[in-house]
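Welcome, and thanks for taking a look at this one with me. Here are some notes to read alongside the model, in an order that should help you find your way around.

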Amino acid sequence: MFKKYIFILTKMDIESTNQNQSQNQNPNPIKKESWKTVMILAYQSLGVVYGDLSTSPLYVYKSAFAEDIQHSESNEEIFGVLSFVFWTLTLIPLLKYVFIVLRADDNGEGGTFALYTLLCRHARISTLPNGQIADEELYEYKKDEIRAVSGRRNIGLRLKSTLEKHRILQKVLLVLALLGTCMVIGDGVLTPAISVFSAVSGLELSMSKEHHQYVEVPVACIILVLLFCLQHYGTHRVGFLFAPIVITWLLCISTIGVYNIFHWNPQVFQALSPYYMYKFLKKTQKGGWMSLGGILLCITGSEAMYADLGHFSQLSIKMAFTFVVYPSLILAYMGQAAYLSKHHILETDYRIGFYVSVPEKIRWPVLGIAILAAVVGSQAIITGTFSIIKQCSALGCFPRVKIIHTSPTNKHGQIYIPEINWTLMLLCLAVTIGFRDTKHISNAAGLAVITVMLVTTCLMSLVMVLCWRKSVFLALGFMFFFGSVEVLYFSASLIKFREGAWVPVALSCIFLVIMFVWHYGTIKKYEFDVQNKVSINWLLGLGPTLGIMRVRGIGLIHTELVSGIPAIFSHFVTNLPAFHQVVVFLCVKSVPVPHVRPEERFLVGRIGPKEYRLYRCIARYGYRDVNMDDVGFENDLICCIAEFIRTERAGARIDTDTGNGISDVLEDSDNDGKMAVVGTASSNAEGSIRMCEDGYSDSLELKEVAVTMASPQLPKKKVRFVLPESPQMDTGVREELRELMEAREAGLAFIRGHCYVKAKRGSSLMKRFVINFGYDFLRRNSRGPANALSFPQASTLEVGMVYQV
């Protein structure tokens, strides 16, 4: 038996709502998490966040000693590498990320792009061309709003004004953010390759070198193919296994580490002194400096602590790393160093990896656990790549791709992008088959990891000044202290450019070009829309009938404009003899915040006089929000327009904090009406529009209008719009609402433009190449708007237009 939904337009008690406002001044109080909740989140974070970081002992020592550094009886080389590993793990993940960077969250979200959006909001700059002043009234936009400090000069405010005035600085900031994003994507290619390949390398101890090289690559490729093929099922189906696997792996390597320390060399604790780093570099010189490119792999995956902040809490991530991951890794590296300090001459040079320090009796079980842990670590970076591409796409910096939400509860973090998944798989297989060893793959992965960290350090120093209003000297101290360490590792990785480090550079250049071409073309297309929009005076001169016959139904015109009338509408009015009786100009846009609350979702306004029946509706989504399906979106759209009609005459301004009714009325930038903030139907629990199951009280005196809707995913369902017999409702409002319901009963047509973007005559050769070939190719091979894909094809009409930009 299918559910039937009834939309009831009832009278809202304004006085009761106002009383509720005084009782709910703070609708989003900061809830202190219980220790039980924190511990559960910390447990879950071990499987999602730390899979990559936990598997780094598989390849760090092998990569560090790949420069043919000879081991002396004094163990200065081995102790020097251990000292570098210890202090690198202590300074970067523990000190930098756990104690400082994790505090710079964007309303609970983390990552390189989240840092960039945080800076954009405070500096009043944005990559999005269709921003509005009304967007700055969003809750997540305002709650960390910067306030000027009177009575003294504030460097942060001066830096803010400088960024607002100079577009070149804005471009530099965008390039920095996109560079970090591209390196994260490159890491999504390299991390699965090196993790799985290093885990499989344990097979080399059971066969000769001549044979294992023909076994490792095929086995690694099979595991990688299976890993990427399972992505469309989503992590929620196997996520409960991730944490036990990583915990078992950490317990295994720490236990083996303790055994090796006390069995082979308890004096290995001496290597924790930073003096051994100096002795190592002094003795090995250039070879030791180049080996830093392998040592830095001990912190690969540290960025995931910040990038996955939105799925967990700060405290849970800090506890998991400080009390579980960090000590386990230190014991594992010390145990390997203790074993190597007593085994200077190995049978063959390739046996310096992790498995050689594992006791032979438990080597095969450890191999199986390592492969599972490598798969978990690879899963984390793949999911993170999906997430950051979704953010870039939402903010106009990446071509539109198909985003599938794999969780039945539609959690924003559990997504799958088919095009990116198969692209990553092909690139990952190409890297594995092309290099066939961990040395070259580690060189490539090291450069990608350290570049992301350098970008984070630069953006974080700006956050300290702009957002936290700290001293500029403190920000410079942060940048120079951590930046100097990271630049040292960066130089060691860059020197290996021809030995594998060129891979992330090449991948980043390709993705950076794609992002810039798409962003540039999107900006130019929007500028063309703004320059060619129809004047409101021209519309008013047509009269209420628009000079044509108005037929029953709703015409939903998709546009990128947030004000004014798109040129596509003038094509209809001047070339077609009839149009719908109700016209809605719909703009679905992203805003530079992670989430938009349901009660702030829609901006609704009227274009022209009431008898024209022209409405503007702007649906706002955060860069991590989940777009609604077609049925839910249509229902909420009609409901928010009806709510606007009912409350417009009364001029009600209900506070957004209560989540009821219209929260504010704002002037449209084109002076064609007022825009009102209206929540979704589900958020207006006490409002005039609500959604409930069939079975309402028969005592209500309601007039019903039945409407049958069909969805490609759902069976036919009956939706009834019901109008109350309220004597307090204005006659004009009642008539407009009835006309809206009748139009919805007649049907809804979705109209959007199919643009052909061409460069103007006389444009430069570079611009013509970028627009006519680059952007046109990306546009033809990318997905349409998310809301356009959800509407049935039978009710969708595309109109071709040529954009001369």
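1. A word on naming before anything else: helices (H or I, at least four residues) and strands (E, at least two) are DSSP runs, numbered from the N terminus. With that in hand, you can place arginine 469 in the loop between helix H18 (438–466) and helix H19 (472–494). Please keep in mind that this is a predicted model.

2. Let's stay with arginine 469 for a moment. Its phi is positive, about 55°, although the residue is not a glycine. Is arginine 469 buried or partly exposed? Its relative accessible area is 37%, so arginine 469 counts as partly exposed.

3. Arginine 613 makes a nice companion to look up. Its phi is also a positive value, near 55°, in a residue other than glycine. Arginine 613 sits in the loop between strand S6 (602–606) and strand S7 (614–622). Here the relative accessibility is 11%, and because buried means under 20%, arginine 613 counts as buried.

4. Now step back to the whole chain. It has 26 helices and 14 strands, and 58% of its 805 residues count as buried. Among contacts with a separation of 6 or more, 82% are between residues 24 or more positions apart. The chain exposes about 33900 Å², with carbon and sulfur atoms supplying 59% of that area.

5. Next, the interior. In soluble globular proteins, nonpolar side chains tend to be buried together. The largest nonpolar core in this model has 163 residues, of which Tyr50, Leu89, Phe321, Tyr333 and Tyr355 touch the most other members. Another core lies apart from it, with 33 residues, among them Phe579, Leu614, Cys755 and Val805. Back in the largest core, tyrosine 333 is a good place to zoom in: leaving out residues up to four places away in sequence, tyrosine 333 touches Ser56, Pro57, Val60, Tyr61, Leu82, Val85, Leu89 and Cys298.

6. Which way do H5 and H15 run relative to each other? The axes of helix H5 (residues 76–98) and helix H15 (residues 314–341) come within 10 Å and cross at roughly 175°. Angles over 145 degrees count as roughly antiparallel, so H5 and H15 are roughly antiparallel to each other. Residues meeting across this pair include Leu82, Val85, Phe86 and Leu89 in H5, and Phe321, Leu329, Ile330 and Tyr333 in H15. By class, the residues of the contact divide into 17 nonpolar, three polar and one charged.

7. For another helix pair, try H12 (residues 275–284) and H13 (residues 286–295), whose axes come within 5 Å and cross at roughly 120°. H12 and H13 are therefore oblique to each other. Phe280, Leu281 and Thr284 of H12 make the contact with Lys286, Gly287, Gly288, Trp289 and Ser291 of H13. This contact has three nonpolar, four polar and one charged residues.

8. Helix H22 (residues 567–575) is worth a look for what surrounds it. Its buried residues are Ala567, Ile568, Phe569, Ser570, Phe572 and Val573. Their cover includes helix H21 (536–540) as well as strands S4 (549–558), S5 (578–591), S13 (748–758) and S14 (796–804).

9. Proline 504 is found in helix H20 (residues 502–531). Its relative accessibility is 0%, so proline 504 counts as buried. Outside the four places on either side in sequence, proline 504 touches Met183, Leu190, Ala444, Leu447 and Ala448. Glycine 446 is 58 residues from proline 504 along the chain, and their C-alpha atoms are separated by 9.3 Å.

10. Isoleucine 433, in helix H17 (residues 418–435), is partly exposed, with a relative accessible area of 45%. Not counting residues up to four places away in sequence, isoleucine 433 touches Val217 and Cys221. Alanine 220 is 213 residues from isoleucine 433 in sequence, yet the two are 9.4 Å apart in space, C-alpha to C-alpha.

11. Last stop: where is valine 401? Look in the loop between helix H16 (363–394) and strand S2 (404–405). Valine 401 is buried, with a relative accessible area of 16%. Apart from its neighbours within four places in sequence, valine 401 is in contact with Ile389, Ser393, Ile417, Glu419 and Arg783.

Conventions
Residues numbered from 1 in each chain as written. Predicted model: local features only at pLDDT ≥ 70, side-chain atom pairs only at ≥ 80, totals over all residues. Heavy atoms only, no water. Buried < 20%, exposed > 50% of the residue type's maximum accessible area, 1.4 Å probe, protein only. Contact = heavy atoms within 4.5 Å. Core = buried A, V, L, I, M, F, W, Y, C linked by side-chain atoms within 4.5 Å. Areas by Shrake-Rupley, 256 points an atom, 1.4 Å probe, with all protein chains shown as cover. Axes fitted to C-alpha atoms, helices over the stretch in contact; angles between N-to-C directions. Parallel < 35°, antiparallel > 145°, perpendicular 65-115°, else oblique. Nonpolar A, V, L, I, M, F, W, Y, C, P; charged D, E, K, R; others polar.
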